[in-house]
Amino acid sequence: MVPLEFLKELPKCEHHLHIEGTLEPELLFKFANRNKITLPNDFPTTVKDLKDKYNFNNLQEFLDLYYVGANVLITEQDFYELTMAYFKRVSKQGLVHAEIFYDPQTHTSRDISLDIVTRGIERACKDAQKQFGVTYKIIMCLLRHTDPKDCSSLIDDAAKYIKDGTISGIGLDSSEKNFPPALFVECYEKAIKLNPDIKLTAHAGEEGPASYVSDALDLLKVHRIDHGVRSADDDALLERLAEEKIMLSICPLSNVKLQVVEKVSQLPLQKFLDYGVPFSINSDDPAYFGGYLLDNYIQLSKEYPQWGFFTWGQIVKNGITHSWIDEKRKEEL
Ligand code: HPA
Ligand code: ZN
């Protein structure tokens, strides 16, 4: 097993991080008080009781709590503080570059404007770049459980940010089963029309089948797949991912918390390595899943003790290579 110091020092890129999923209970109650938000009657009232609720049988059980939690985010300052808290914590863990998801529909559905949300997150990213020397990209996710027409309207509303590069990428998240990539073809096409350089990704093959991964590639033209663990069910797909160098953004602790697998050691990561499928290691919704970026690395190092310095170096290098940053920054890292 490689030493902890080695894992800490690795120049880590995070590609799968929902900023709303970094809302720690302490911050949640702080924002609820500050914004005079009444939480539901059955919502826990202490940090401990809330943390005790973080036992999920599946993705949907988590999402149900995650969307209630997000209701306390109201002002630009809330989004700023939320994002800054993430960078402050993870820059100490060896983070060098973060590609951050946000879910505007979770907020616009409560009449919080896209501008408030985007500006708060972007301002924190810029300050974090100055304070911690990290780089960042912002990825706007479409909520796949909503009407694709709403997702399409969101793309229209975000046109200025897509054109000027404030939003570097488009993603697709929320409940996966029964919401296949095919529903969102027009949204993705619209984003490409607005900015031909836009980067594209989608959650696929977390709870959904391997065919959702192929569909995301074929229909949505994504450059990356979020999760994608179910790709391991289809050897031809693995060959394709390796051949086309499609990176999977893997979230080990998330997969255990949401019962995609029982233990991190059951993830098909060795199979991905053997096939040459690139993947990165990520924290997904760290406030809810029991660990931030380095904690995910540590858990893997425990459960894949056969991985030595070379394998870890390769994984981290893949993360840099497949980050949506320019060649100059890649060289620096
Ligand atoms: N999967 C799908 N949607 C999400 C997740 C996730 O892990 N986290 C936040 N939204
Ligand atoms: Zn996710």
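In this predicted model, Ala98 has Tyr136 of strand E3 as its bridge partner, and this pair belongs to the contact between strand E2, residues 95-102, and E3, in which six bridges join two strands that run parallel. On the other flank of the pairing pattern, E3 is joined to strand E4 by five bridges, again with the strands running parallel, and here Met140 stands opposite Ile170 in E4. Strand E3 itself covers residues 135-143, and because eight of its nine residues are buried, this strand is largely enclosed by the rest of the structure.

These strands are part of a wider arrangement, an open sheet of eight strands in the order E1-E2-E3-E4-E5-E6-E7-E8, with parallel pairing. Strand E1 (12-18) and strand E8 (279-281) stand at the edges of this sheet, and since each has a single partner strand, one side of each is left without a neighbour in the sheet. On average, and with direction ignored, neighbouring strands of the sheet are turned by 25° against each other.

Further along the strand order, E4, which spans residues 169-173, pairs with E5 in the parallel sense over two bridges, and Gly169 is found opposite Lys199 in E5. The connection between these two strands passes through helix H10, residues 185-194, and E4, H10 and E5 together make a right-handed β-α-β unit. A β-α-β crossover that is likewise described as right-handed leads from E5 through helix H11, residues 210-219, to E6. Strand E5 (residues 199-204) is joined to strand E6 (residues 224-227) by four bridges, and the two run parallel; within this pairing, Thr201 stands opposite Arg224 in E6, while Ala202 stands opposite Ile225 in E6.

Helix H11 contributes several residues to the interior, for Ala210, Tyr212, Val213, Ser214, Ala216 and Leu217 are buried in this helix. The buried residues of H11 pack against strands E5 and E6, and also against helix H12 (235-243). Just after H11, Lys221 takes a positive phi of about 60°.

Positive phi values also appear at two further residues, which are set in contrasting surroundings. Asn178, a residue other than glycine, has a phi near 70° and is placed in the loop between E4 and H10; because 9 C-beta neighbours lie inside 10 Å of Asn178, and 12 or fewer is the limit for that class, Asn178 counts as exposed. His227, also a residue other than glycine, has a positive phi near 75°, but its place is in strand E6. With 29 C-beta neighbours inside 10 Å, where 20 or more are required, His227 counts as buried.

Within helix H10, which lies between E4 and E5 in the β-α-β unit, the position of Leu194 may be described in more detail. Leu194 has 18 other C-beta atoms within 10 Å and is therefore partly exposed, as this value falls in between the limits of 20 or more for a buried residue and 12 or fewer for an exposed one. Once its neighbours within four places in sequence are left aside, Leu194 is in contact with Ala159, Ile162 and Lys163. For one of these residues, Ile162, the separation from Leu194 is 32 residues in sequence and 6.7 Å in space, taken from C-alpha to C-alpha.

A link between distant parts of the chain involves Phe309, which is found in helix H17, residues 309-321. The C-alpha atoms of Phe309 and Phe6 are separated by 8.5 Å, although the two residues are 303 residues apart along the chain. Phe309 nevertheless counts as exposed, with 11 C-beta neighbours inside 10 Å.

The model also contains ligand 1, which is surrounded by His18, Gly21, Leu59, Asp173, Ser174, His203, Glu206, Ser254, Asp284 and Asp285. By class, this shell comprises one nonpolar residue, five polar residues and four charged residues. Among the surrounding residues, His18 falls within the range given for edge strand E1 (12-18), Asp173 within that of E4 (residues 169-173), and His203 within that of E5 (residues 199-204).

Terms used. Residues numbered from 1 in each chain as written. Chains lettered and ligands numbered in written order. Predicted model: local features only at pLDDT ≥ 70, side-chain atom pairs only at ≥ 80, totals over all residues. Near = placed C-beta within 6 Å. Nonpolar A, V, L, I, M, F, W, Y, C, P; charged D, E, K, R; others polar. Pairing = 2+ DSSP bridges. Axes fitted to C-alpha atoms, helices over the stretch in contact; angles between N-to-C directions. Right-handed = clockwise from strand over helix to strand, strands pointing away. Contact = placed C-beta atoms within 7 Å.
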